[in-house]
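The following exercises are to be worked with the sequence and the model side by side. Each task is followed by a solution in steps.

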Amino acid sequence: MFAQEIKARTAARFIQQAAGDKRYKILEVHIKKFQHRQDALIEILHKAQELFGYLEDNVLRYLSWQLKLPASRVFGVATFYHFFTLKPQGEHTCVVCLGTACYVKGANEVLAAVEQRAGIKTGETTPDHKLSLLTARCIGACGIAPAVVYNGTVTPRQTPESALAQINQWLVP
Ligand code: FES
């Protein structure tokens, strides 16, 4: 009974975490495509990284819950392969969506402006560890393209100017 309660509470926590964030919905569709198969973990981790830019703690725990795998196994696989990034090293993160809808609306110009201002390329962190810049493919916000995720918040209709206004708050002039 007690174990069941814990399970129900865990499920409620993850459902709440995923609510309102379309990236989790897309991830769920992908998990279903693999029929929740535990041996599809690597493919699913790839999709998660594509959506979120990196594999944050909450996402890994969500996958452990969805696939009914021990968290240690999910974290183990995610840390074993060099192509998975667990945490950007910067204090702040900027994930530019480069999916088709965002791309045709100028996401590449947004990315170029951020790269130039911060002096880093995608996948890198500024030397002062203030900002990590990442890219993702379709994060499920095509209706508000081009979308950029600043510190985990999906932000609509970005332009080079609005992106610079945001990251300038984090970078030393
Ligand atoms: S392509 Fe960027 S949100 Fe869909």
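Two strands are said to pair if DSSP finds at least two bridges between them. The model used throughout is a predicted one.

**Exercise 1. Place Val95 in its strand and identify its bridge partner in S3.**

Step 1. Val95 belongs to strand S1, which covers residues 92-97.

Step 2. Strand S3 comprises residues 148-150, and S1 pairs with S3 in the antiparallel sense over 3 bridges. The requirement of at least two bridges is thereby met.

Step 3. Within S3, Val149 is the bridge partner of Val95.

**Exercise 2. Determine whether Val95 is buried or exposed, and describe its surroundings.**

Step 1. A residue is buried if 20 or more other C-beta atoms lie within 10 Å of its own.

Step 2. Val95 has 24 other C-beta atoms within 10 Å, and therefore is buried.

Step 3. Leaving aside residues up to four places away in sequence, Val95 touches Gly53, Leu134, Thr135, Ala136, Val148 and Val149.

Step 4. Leu133 is 38 residues from Val95 in sequence, yet their C-alpha atoms are 6.0 Å apart in space.

Step 5. The strand as a whole may be considered next. Of the 6 residues of S1, 5 are buried, so S1 is largely enclosed by the rest of the structure.

**Exercise 3. Establish the strand order of the sheet and explain why S2 and S4 stand at the edges.**

Step 1. Strands of a sheet pair through backbone hydrogen bonds, either parallel or antiparallel.

Step 2. S1 pairs with strand S2 (residues 131-136) in the parallel sense, over 6 bridges. Cys97 stands opposite Ala136 of S2.

Step 3. The pairing of S1 with S3, in contrast, is antiparallel.

Step 4. The open sheet has 4 strands in the order S2-S1-S3-S4, and its pairing is mixed.

Step 5. S2 and strand S4 (153-155) each have a single partner strand, so one side of each is left without a neighbour in the sheet.

Step 6. On average, neighbouring strands of this sheet are turned by 25 degrees against each other, with direction ignored.

**Exercise 4. Describe how helices H3 and H4 cross, and state which residues meet.**

Step 1. Helix H3 comprises residues 41-52 and helix H4 residues 57-67; their axes come within 11 Å and cross at roughly 145 degrees.

Step 2. The handedness of this crossing is right-handed.

Step 3. From H3, Leu41, Ile44, Ala48 and Phe52 meet Val59, Leu63 and Leu67 of H4.

Step 4. Sorted by class, this contact has 7 nonpolar residues, with no polar and no charged ones.

**Exercise 5. Characterise the contact between the two domains from the side of domain 1.**

Step 1. The protein chain is divided into domain 1 (2-80) and domain 2 (92-168). Their C-alpha centres lie 24 Å apart.

Step 2. In the contact, 9 residues of domain 1 meet 9 residues of domain 2.

Step 3. On the domain 1 side, the elements that give two or more residues are helix H2 (22-33) and H3. H2 gives the most, with 4 residues.

Step 4. By class, that side has 4 nonpolar, 1 polar and 4 charged residues.

**Exercise 6. Locate a cis peptide bond and two residues with positive phi, and assess the exposure of the latter.**

Step 1. The peptide bond from Ala145 to Pro146 is cis, with omega near -5 degrees. Pro146 is found in the loop between S2 and S3.

Step 2. Lys68, a residue other than glycine, has a positive phi near 55 degrees. Lys68 is in the loop between H4 and helix H5 (71-80).

Step 3. Arg157, also not a glycine, has a positive phi near 40 degrees. The loop between S4 and helix H8 (160-168) contains Arg157.

Step 4. A residue is exposed if 12 or fewer other C-beta atoms lie within 10 Å, and partly exposed between that limit and the buried class. Lys68 has 8 other C-beta atoms within 10 Å and is therefore exposed. Arg157 has 13 C-beta neighbours inside 10 Å, so Arg157 counts as partly exposed.

Conventions
Residues numbered from 1 in each chain as written. Predicted model: local features only at pLDDT ≥ 70, side-chain atom pairs only at ≥ 80, totals over all residues. Axes fitted to C-alpha atoms, helices over the stretch in contact; angles between N-to-C directions. Left-handed = near helix turned anticlockwise from the far one by under 90°. Contact = placed C-beta atoms within 7 Å. Nonpolar A, V, L, I, M, F, W, Y, C, P; charged D, E, K, R; others polar. Domains from an automatic or database assignment.
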